[in-house]
Amino acid sequence: MNILDFKEEVKKKIKELEKQLSDPDITNDVEKLKKLGQEHSKLSELNALFESYEQSLEDIKALKEMYENNEVSEEEYQSMLQDLEEKQEKTRKKIIEGLVSQDEYDERNIIMEIRAGTGGDEASLFASELMRMYLRYAERKNWKYEVLDLNENELGGIKTAILKIKGQGAYRRLKYESGVHRVQRVPQTESSGRIHTSTATVAVLPEATDIDIQINENDLRIDTYRASGAGGQYVNKTDSAVRITHLPTGIVVTCQNERSQHQNKEKALNILRAKLFEIKLEEQQSQLIQERKSQIGTAQRSEKIRTYNFPQNRVTDHRIHYTTHRINEILDGDLDEIIDKLLEKDLKEKLESLTL
């Protein structure tokens, strides 16, 4: 795939947007004008990246000619070539992200829900490792995060965890993590050394706003109860935990991490809003899927997306048939290797019917 094949499409779209932005009917529509302006800005940045990428190709070509003419030493040549190629690769990845990022929610914060699946205690322990993996990834990206709700077991595993990860591009990069994650290893409690298979599910939702989803208080049943589990001296002393049931859909969310009932209610509403938004997005996605082949970013929770095999030190993403033998690094949050491959695959599929 030649990245530069898409440069003309971007330039064509920029010209179309500029024509629309000068239309008197649009200039009087503040909301539409704002949306078109944002799209124009994004595509202009993308066009600048194309220019930078082309310049890097010229720079590398010029350097090779200098080397062939003995104008630079072998050592200088290798050092300068490495710098130029690294810069070129970074630009290429930014272009890929820019082309893929046609989802208006890509720059949003996310709500992530992690649940232990089949496998009993081993599944709970694996779910806790996945939570740590995503929190470490957030730290690597200098994103902020908070645990909205956490349901642990006695072994230190988790039954469910709901996280909020805040940072530019969080949804763009983590939306591919939705689905079933499978682990294959010998549990510490297994005396015979048999390999067990366990699972955990991950759901990644863009954070919803009041504009996206309006919640009617009359549609809610709010119950309070005493928090349980680790939490210090305040646990079990007040009815601070909150359970909210959305009557029209039957969705139930809970939050007990904060000492204040008010804080727990606000966080629970945040989770509920994201879940209702998910339903809305799934309806939109079902229409999009009929229009194009790409489904890589819309994995269902029931779809097995990745296997973590400890005996073979292997992580395999089944959607892109990609395997890496760096399981410890991956579980320590070094996810860019896989996410970049998913972005590239998504790009190839989307650009089969590119409509920028």
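In this predicted model, strand 1 (residues 110–116) and strand 3 pair in the antiparallel sense, with six bridges between them. Within this pairing, Arg115 lies opposite Thr160 of strand 3. Strand 3 also pairs with strand 2 (residues 144–152), again in an antiparallel arrangement, through eight bridges. Here Glu146 has Lys164 of strand 3 as its bridge partner. Strands 2 and 3 form a hairpin with five residues between them, and Gly156 in the turn adopts a positive phi of about 95°. Seven of the nine residues of strand 3 (residues 158–166) are buried, so this strand is largely enclosed by the rest of the structure.

Turning to the other partner of strand 1, strand 5 (residues 196–206) pairs with strand 1 in the antiparallel sense over seven bridges. Ile111 stands opposite Leu205 of strand 5.

These pairings belong to a wider arrangement. Eight strands make up an open sheet with mixed pairing, and a reader tracing the strands across the structure will meet them in the order 2-3-1-5-4-9-10-11. Strand 2 and strand 11 (322–324) occupy the edges; each has a single partner strand, so one side of each is left without a neighbour in the sheet. On average, neighbouring strands of the sheet are turned by 15° against each other when direction is ignored.

Two helices that pack on this sheet deserve a look. Helix 5 touches strand 1, strand 2, strand 3, strand 4 (179–185), strand 5 and strand 9 (304–309), and the direction of helix 5 makes about 115° with that of strand 4. Helix 9 (residues 336–350) packs on the sheet through strand 9, strand 10 (314–317) and strand 11, and its direction makes about 165° with that of strand 11.

The length of helix 5 can be checked with simple arithmetic. At 1.5 Å a residue, the 21 residues of helix 5 (residues 120–140) should span 30 Å, and the end C-alpha atoms are 31 Å apart, which agrees. Just after helix 5, Asn142 takes a positive phi of about 60°.

A word on confidence may help when viewing the model. The chain has an average pLDDT of 85, and 87% of the residues score at least 70. Over residues 230–236, however, pLDDT stays under 50, and the model has nine contacts for this stretch beyond four places in sequence. The pLDDT is also below 50 over residues 288–300, a stretch with 26 contacts in the model beyond near neighbours in sequence.

Methods: Residues are numbered from 1 along each chain as its sequence is written. This is a predicted model: local features need pLDDT of at least 70, side-chain atom pairs count only at pLDDT 80 or more; totals for chains, interfaces and linings use all residues. Side-chain values use heavy atoms; hydrogens and water are left out. Buried means under 20% relative accessible area, exposed over 50%, partly exposed in between (1.4 Å probe, protein chains only). Helices (H or I, at least four residues) and strands (E, at least two) are DSSP runs, numbered from the N terminus. Two strands pair if DSSP finds at least two bridges between them. The expected span of a helix is 1.5 Å times one less than its number of residues. Axes are lines fitted to C-alpha atoms, for helices over the stretch in contact, and angles run from 0 to 180 degrees between N-to-C directions. Contact means heavy atoms within 4.5 Å. pLDDT is the predictor's confidence in each residue, from 0 to 100.
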